[in-house]
Amino acid sequence: MPDDVNGLLKLLREDCEIITQKLERARTEGSGTPQEVADFREPVVQGFVRKYFPFPYRVTKGKIRDSYGAVSASVDCVLCNPVHPHTVEDDPNKFHLILADGVDAAVELKPDISRAKLLKEALEQSLSVKRLRRVRTTSLIIHADIDDGDALRQHALRVASFIYTTKHKADLLDTVREIIAFYRAEQIDHVDQVDAIVVHGVGILANYKLARDSLWNNFKKAGWFWEEWGPDTLAGFLIHLNNIYPCVTPLSPPVLGPYLNGARTKVFDIEELLRRAASGGLGKKGRLRS
């Protein structure tokens, strides 16, 4: 088990077990239409995000609008920065207006992305968020004098997009192939693709847009990576949420950062895994299970 000198990881593992039970109960109580199941599950993910991003952050759901007239599909969990005008009511099920320039992240809940239809829906909803544009970002980024400065600025003008799920295909690489096929068919630039897919209690399929954003010193490059967090997946989710480019850059690092340092994961370069699978280097069937 990873080091847990401050107790936060233990708490997050307990949260993981509780959320597992709640998601399973939602599946039972909402047995009927997929929408009924989703209605029971949405508050579970919203509640977790709200717990670790307390007021003056606000967590709601709904469509996000930018100042250019673009509107996203309805998103299950929207993390509004403290600068967002109070057009979001305290009741997370009631919302008036959600503005892209005040949103830090959008999380879409799709219980089972092993089903091609649900995976496609999730990717399309994420893409509708990524097509939004903030008017500007912090001057610290606007004036950043670095080699990938323009790529950084373009990335920061977009709202961070996550998909939260409980299941992928038996072979993770089959899900990855479907994701890649979708983006190729739609001709979607890397910067407009989903930022991460969180598989509850299993791991995170992370899509780093810039090498500088990679969490891993041995993988300092952009692209897709599989992070096998296991029981610490919620810790990994929080690390990623704290690693995004928010609509307003804070003056100090996130509070949770130092307390999550004990979390450990196995990291796999998806590009390398696909190459090895194509050449038979992942075993007889070329499969990656998790």
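Three exercises on a predicted model follow, each with a worked solution.

Residues are numbered from 1 along each chain as its sequence is written. In this predicted model, local features need pLDDT of at least 70 and side-chain atom pairs count only at pLDDT 80 or more, while totals for chains, interfaces and linings use all residues, and side-chain values use heavy atoms, with hydrogens and water left out.

**Exercise 1.** Determine how helix α6 and helix α8 are oriented towards each other.

Solution. Helices are DSSP runs of H or I with at least four residues, numbered from the N terminus; here α6 covers residues 172–186 and α8 residues 270–278. Their axes, lines fitted to C-alpha atoms over the stretch in contact, with angles from 0 to 180 degrees between N-to-C directions, lie 11 Å apart at an angle of about 110°. Because 65 to 115 degrees counts as roughly perpendicular, α6 is roughly perpendicular to α8.

**Exercise 2.** Find which residues of α6 meet which residues of α8.

Solution. With contact meaning heavy atoms within 4.5 Å, Leu173, Val176, Arg177 and Ile180 in α6 meet Ile270, Leu273, Leu274 and Ala277 in α8.

**Exercise 3.** Classify the aromatic pair of Phe53 and Tyr57, and state how buried or exposed each residue is.

Solution. Rings of Phe, Tyr and Trp (its six-membered ring) pair if their centres lie within 6.5 Å, and planes over 60 degrees apart count as edge-to-face, under 30 as stacked and the rest as tilted. The structure holds nine such pairs; that of Phe53 and Tyr57, at 5.4 Å centre to centre and 80° between the planes, is edge-to-face. Buried means under 20% relative accessible area, exposed over 50%, and partly exposed in between (1.4 Å probe, protein chains only), so Phe53 at 7% is buried, whereas Tyr57 at 27% is partly exposed.

Conventions: Helices (H or I, at least four residues) and strands (E, at least two) are DSSP runs, numbered from the N terminus. Angles under 35 degrees count as roughly parallel, over 145 as roughly antiparallel, 65 to 115 as roughly perpendicular and the rest as oblique.
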